[in-house]
Structures are given as C-alpha cells and as structure tokens.
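Student: I have a model open and would like to learn how to read its ligand site and its empty spaces. Could we go through them together?

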Amino acid sequence: MQKPTPNHWLLYCRPGFEQDCAQEALRQARQQRPVLAEQTAILADSGYVVVTLNDQSLSWRDLIFARQLIRLHHTIAALPDRDRLTPILAAIADIPGSFDTLWLEAPDTNEGKLLASFTRRFQPLLETALREQGKLQDNSQEAVRPEPVEGPTRTKKLPRLHLFFPDKSSALIGTSDPHNSADAIMGIVRQSMPPEAPSRSTMKLAEAIEVFMDRSEQTRLLRQGMTAVDLGAAPGGWTWQLIKRGIRVTAVDNGPMKGALVNHPLVQHLKQDGFKYAPRKAVDWLVCDMVEKPSRVATLIGEWFAAGLCKHAIFNLKLPMKQRLVALDSALGNIRKRLDEEGINYRMMAKQLYHDREEVTVFLTKTKG
Ligand SMILES: C[S@@+](CC[C@H](N)C(=O)[O-])C[C@H]1O[C@@H](n2cnc3c(N)ncnc32)[C@H](O)[C@@H]1O
C-alpha cells in the first residue's frame, strides 16, 4: 500500500493555548485514522501551531481552540532582507490553482503586532505580482457581484491564500477553504466597543453572534419581541446586546446593572441566584456569563433545555488552569448526554473567541427532527 504524503496544517490560537489547540486537532484526526506521522511544532505563547497528519482532514467548526485552519504548503525559514518577494512568489507558483484573496498575517502577540506596518507595505506589492501571474482573482468587481446563496446551492469559492510571518525573516505559506475556516483575517472577528454599552463583556456576545450564526440565522433567531434570560447579567453588557435587538430581558444578578439598563423598559433586573432562578414561562434565549465551574454551568444548561425553558443559548465555560480539554469534554459531554436522553435535537458549537480569555463560548440551539 502506498504511504500517504504527510499534510501540514497551520492553526492560529490564543497565545498560551497552543498545547490545547494541537492536542484537540490531533485528537480530531485520530478519530478518523491513526496519526502515523504524528509531529507537532509547538512554541509556547506563539499564538500558532503546526500539526502534521497523514491524509486526515480537520473540521474548523468542531475545533474549539483553533481560530483559523490553514493547509500549509511551504515554510521559508530564511527570507533575505533585500528581496523577500522572489522566494515567496516562487513558493506560491508551486501551489496549484488560483486564489480568491490574499491575507498577510502575523501572530496575535506583542511581537506580531510590530509586524503590522511591514505586512501593510508588503501586501500591495505581492497582490500586484500575483494578479499579473493569474494566481489571484481581481476582486475589484466584488461589490457589484450578487451575494453567494447560502445552503446547498451556494457557490464553491476559491481558496484563500495566507502568508503568515512568525517574524520578518520567515514565512509560512498556506491556503484555507472558505467553507472550512474563519472568514476573518487572523481568524479574529473584531468588535468595537459601543460607547453606550455598560461593559466590555458586551463584545464577547457580539462576537459570539457573528461567529456562531450566519446572517440569515441572526435575523431568524434574534428578533424584536423575543424574550431572554441573562444569568450573571451585571453590569449588563450581554443584556445590552439583546435589548439593542428589541429582545425583552430578565437580568439575574445580585450585582447592580449600569447606565441606561437601570429602569430600561425592556429589562427586568432580579437580584437572585442564577442557579436557583427559573422563569415562569419559557423564553426564547438563555445567556449565561456566571463565573463558575464548567461542570456546574453545563448541568444548569442541560436542565433548562430538558425542562423546555429556552430554545437557544449562548454561555461561557470558564477553563481550569490545567487539563482544560478534559474539563471541556466532560462539560460538553454532560450537555449532549442530557439532551440525547430527552430526545432533543440540537446543534452545539464551542469556540474560544478572541474576546474570551480563560474561557470558551458555546452556542446551543434546538433544531427540528
Ligand atoms: C463576568 S460578569 C458578567 C458580565 C456581564 N455578562 C456583562 O456583559 O456585563 C459575571 C457576573 O456573574 C454574577 N454571578 C456569579 N455567580 C452568580 C450567581 N450564582 N447568580 C447570579 N449571578 C452570579 C456576578 O455577580 C457577576 O456580575
């Protein structure tokens, strides 16, 4: 039997979570077939990992710690100072096909931030050269093109080309499948802080909505007139995201709500324990940002769905210092078990978002049969 050619994958993650990111990717690959050529390159606090597999594929949606998923084609270890363009173009010429977009990226670290002006200057040079060679689509007409149709009839998009610079003298060159990756440079769906929002946590929920739901789902699932419960609501950043969409919120927290949320007509603030509170009538949404053990939050979420108290939820699971993947597996496994026992159909997705620190965010929604 022919030996499969090893495939290298480049994954971006939050700095400090490289082990978790690699461990999770290898585990996903092992579920398909043994990882014969298991090798991972992990540099602590670098914000990325390179994983070597055989012919296994990886699914970005099912990876919690990976911000981005890239098939790595070339690594250039010593880029000459005077002419970085020539070796990079030669390496790209070797990759078959052409590309939809070119993203120049650097790690999400302090050192990586210093490379921003370099990548900004380099981008137009490289784009022009690649367009001349027919390797890069001319997207200048993009604005007048119709939106691709979502769902089974959606058009197959060309891959993106990524040039990742761990530093100025090395480059990792890869491609991402737009249907199996984050649609955001560096895998970061950036949010700006709305000046009226009462806390920076508001950006976490805003990002979760963008990452977990496409436009049509956002319109369908977050509608004016819906109802929600926000557990651990104070000072009100998550509640603010919901009322901004016309959703009526019961905000449960012993702490005070802030600013415009005090006496807001769409907000009812209850100073109660979030683990004991239950609404009298079922609501559309449960959101939960209480700082608690993941196992306890998972049990609570399972109970709400089992009792039919909500249809959709976004919640945070705070991570322990060690054995993070074990704690997550156990918490998410408990929720799955409970929902399966109740015969509930659902979709669940968990990600460590850009605005998440020692935590991950989970989206859970009931689906039809
Ligand atoms: C990270 S903060 C929430 C921030 C909020 N999501 C926002 O956007 O402004 C966590 C909150 O959970 C609350 N909390 C912790 N345990 C709780 C419990 N058992 N019941 C209700 N609230 C709780 C805390 O009082 C705190 O206000």
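Tutor: Happily! Let us begin with a polar contact, a pair of N or O atoms within 3.5 Å (within protein, one must be able to donate a hydrogen and the other to accept it, and residues adjacent in sequence count only if both atoms are side-chain atoms). Here, a backbone N or O atom of Gly236 is 3.1 Å from an oxygen atom of the ligand. This is a predicted model, where local features need pLDDT of at least 70, side-chain atom pairs count only at pLDDT 80 or more, and totals for chains, interfaces and linings use all residues. Residues are numbered from 1 along each chain as its sequence is written, and side-chain values use heavy atoms, with hydrogens and water left out.

Student: How far is the side chain of Ser199 from an oxygen atom of the ligand?

Tutor: An N or O atom in the Ser199 side chain lies 2.7 Å from that ligand oxygen. For Asp273, a polar side-chain atom is 2.9 Å from a ligand nitrogen.

Student: Which residues around the ligand come nearest?

Tutor: A residue is near a molecule if one of its heavy atoms lies within 4 Å of it. There are 16 residues around the ligand, and Ser199, Gly237, Asp253, Gly274 and Asp289 come nearest. The shell holds six nonpolar, seven polar and three charged residues. In this scheme, Ala, Val, Leu, Ile, Met, Phe, Trp, Tyr, Cys and Pro count as nonpolar, Asp, Glu, Lys and Arg as charged, and the others, Gly among them, as polar.

Student: How should I read a pocket or a cavity?

Tutor: Rolling a probe the size of a water molecule over the atoms shows where empty space is left. On a 1 Å grid over the protein atoms alone, a cavity is a set of points where a 1.4 Å probe fits but cannot get out, while a pocket is an open set with protein on both sides within 12 Å along at least five of seven lines; lining residues have an atom within 4 Å of a point.

Student: Where does the second largest pocket lie?

Tutor: It lies between domain 1 (7–187) and domain 2 (202–366), because both give residues to its lining; the bounds come from an automatic or database domain assignment. Of its 16 lining residues, Arg14, Arg200, Tyr354, His355 and Arg357 lie nearest the centre. The lining has three nonpolar, five polar and eight charged residues.

Student: And which residues line the largest cavity?

Tutor: Tyr12, Cys13, Gly47, Arg67, Ala106, Pro107, Asp108, Phe164 and Met186 do. By class, six are nonpolar, one is polar and two are charged.

Student: What about unusual backbone geometry?

Tutor: Most residues other than glycine have a negative phi, and most peptide bonds are trans. Met186, from the cavity lining, has a positive phi of about 60 degrees. Ala234 and Pro235 are joined by a cis peptide bond, with omega about 0 degrees.
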